[in-house]
Structure formats: C-alpha cells, structure tokens
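User: I should like a close look at a single residue in this protein, set within the chain as a whole. Please give the answer as one connected account.

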Amino acid sequence: MKRFLLAVLFFAVLTALWEWAFRAKIWSPVLLPAPQQVAEYLKTSATDGTLFQATVITMRRLLIGYVIGLIGGLPLGLLTARWELFHDTVGTLALGLQTLPSVCWVPLALLWFGQTEAAMLFVVVMGTLWSVVIATDTGVRHVPPIYRRAALTMGSKRLHIWLKVILPAALPFIVSGMKQGWAFAWRSLMAAEIFVTILTGFGLGQLLHYGRELSAMDQVIGIMLVIVVIGLLADKILFSPVERFLHRRWGTNP
C-alpha cells in the first residue's frame with residue numbers, strides 16, 4: 001500500500017509540474033496543451049467509441065503477431081541451444097537482427113505485403129521472434145550441467161530431461177525474453193501503424209499519426225498516455241506475476 005501511495009504521489013507531482021509548465025507558457029499552448037485538454041480528448045474519444053475501437057484493433061494485431069513470434073521463437077531457441085550448427089547460424093542471425101530498429105522492417109513489409117494487415121503482422125513477428133530465440137538459447141545454456149547429470153543418473157531419458165528438467169530451469173530466462181519480445185512487438189506495431197495506412201481499421205498508432213498531421217497535441221499526448229498505460233498493465237498483469245512465481249519457485253527472491 002505504501003508503494004502504491006508513493007507512485008500515486010509521484011504521478012500527481014508530475015501532473016502538477018505539467019500544469020505549471022502550461023500556465024507559465026514555457027512552450028506554446030499549441031505544443032503543450034493543459035492536462036485538462038488531454039483529459040477532455042480522452043473522455044470524448046472514449047465516449048464516441050473511437051478510443052475503444054482503436055485499442056481493440058491494435059491489441060488484436062499485437063496479440064496475433066506476438067503469439068506467432070512465440071510459436072516460431074521457442075523452437076528455434078531450443079535448436080540453437082541444442083546444436084552448435086544452429087547456434088552459429090540461426091543464433092548469429094537472431095543476434096544481428098535483434099539489433100535492427102523495429103521501424104526498419106516497415107519499408108520491407110510495405111514492399112512485400114503492401115498496405116495490408118499482413119504487413120502489420122510481419123513487423124510485429126519480426127519484433128518478437130529474435131528476442132525469444134536469444135532468450136531461450138541463453139536460458140537453456142545457463143542451466144547448470146549438474147541438473148542434466150542428476151536426471152541421467154536417475155534414469156531420465158532425453159525427451160523427459162528436456163521437458164521436466166531443462167525447460168523448467170530455463171523458464172526465468174525464457175519469460176524475460178518473452179517480456180522483452182512483448183516490448184519490441186509493441187514498439188514495432190506502433191511504427192507499423194504510423195507508416196502503414198489500412199482503411200479497414202485504425203489503431204492507436206494511426207490515431208497518433210493523425211494527431212500529428214492535424215497538429216492536435218491533446219490527441220498526440222492522450223494516445224501516448226494510453227499506450228504507456230497499456231504497457232504498464234501488460235507488465236503488471238501478465239509478466240510480473242509469472243516472474244514473481246518463478247523467483248519463489250527457484251528461491252531467487254532478492
């Protein structure tokens with residue numbers, strides 16, 4: 001409760017500083033709207049359904065691309081951890097492509113798939129896939145060899161060792177990779193929605209883009225706040241509980 005109150009106080013102070021900067025006219029009101037103006041935009045867009053519809057469209061794209069990235073990344077990560085040939089080839093490729101900024105995938109996606117949902121999904125998958133591959137490979141390689149030798153001594157076979165020993169021991173690394181993959185997928189999707197225009201559905205990134213085109217800073221800042229809140233909720237609801245459970249399970253609580 002104390003930590004929650006401190007967080008609330010911190011953001012209240014930030015809002016007060018924002019209000020002070022607006023009233024002091026440090027920047028033009030066109031460039032820095034008041035908190036009330038942003039709140040009014042969010043209220044209006046939520047009332048007419050624009051914000052809800054854009055959020056649903058964005059989350060659908062994100063979840064589909066993220067799941068595809070996980071389905072492809074986990075097996076590839078296991079292969080790179082199991083065989084040096086895959087580690088030296090696919091692993092090196094994953095390491096190189098992970099350093100590529102997400103926005104760099106957008107031109108390629110546009111040329112390959114055009115202004116379609118497939119272009120959006122491709123960018124999200126590329127943002128997710130390589131982080132998961134690297135995290136899975138790292139997690140498996142950091143499993144203490146004594147675990148494997150102990151399992152062999154007790155009669156465990158290869159598939160049983162992988163499913164019951166190695167994968168559970170590597171889960172903390174894998175979950176961290178999934179969390180990082182989610183962050184990269186989220187950034188990739190925002191870049192794709194800003195540059196790819198699909199008339200069948202406008203997401204949060206496209207609302208952000210149109211706010212910039214119209215010089216509507218209340219819309220730009222409002223959508224940015226929504227994106228931040230969604231990211232925080234995903235971390236607190238999806239990933240943090242799993243990480244806490246794994247730390248308790250393996251006795252690595254700080």
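The residue in question is S188, and the account that follows should cover its place, its burial and its contacts.

Analyst: The model is predicted, and its confidence may be stated at the outset. The mean pLDDT of the protein chain is 84, with 96% of the residues at 70 or more. Among the elements, helix α3 (residues 50-82) has the highest mean value, 90, whereas helix α7 (residues 145-153) has the lowest, 77.

S188 lies in helix α8, which runs over residues 158-195. This helix belongs to a chain of ten helices and zero strands. As to its surroundings, S188 counts as buried because its relative accessibility is 0%, the cut-off for that class being under 20%. Residues up to four places away in sequence aside, S188 touches S102, V123, V124 and G127.

The chain as a whole gives the setting for these contacts. Of its 254 residues, 39% are buried. Among contacts with a separation of 6 or more, 71% join residues that are 24 or more positions apart. The C-alpha trace spans about 70 × 50 × 30 Å along its principal axes. Turning to the surface, the protein chain exposes about 14900 Å², and carbon and sulfur atoms supply 72% of that area. The chain carries 21 positive and 12 negative charges, and the mean positions of the two sets are 14 Å apart.

In short, S188 is a buried residue of helix α8, in touch with S102, V123, V124 and G127.

Note on methods
Residues are numbered from 1 along each chain as its sequence is written. This is a predicted model: local features need pLDDT of at least 70, side-chain atom pairs count only at pLDDT 80 or more; totals for chains, interfaces and linings use all residues. Side-chain values use heavy atoms; hydrogens and water are left out. pLDDT is the predictor's confidence in each residue, from 0 to 100. Helices (H or I, at least four residues) and strands (E, at least two) are DSSP runs, numbered from the N terminus. Buried means under 20% relative accessible area, exposed over 50%, partly exposed in between (1.4 Å probe, protein chains only). Contact means heavy atoms within 4.5 Å. Accessible areas come from the Shrake-Rupley method with a 1.4 Å probe; for residues, only the protein chains shown count as cover. Lys and Arg count as positive and Asp and Glu as negative; His and the chain ends are not counted. The place of a charge is taken as NZ of Lys, CZ of Arg, CG of Asp or CD of Glu.
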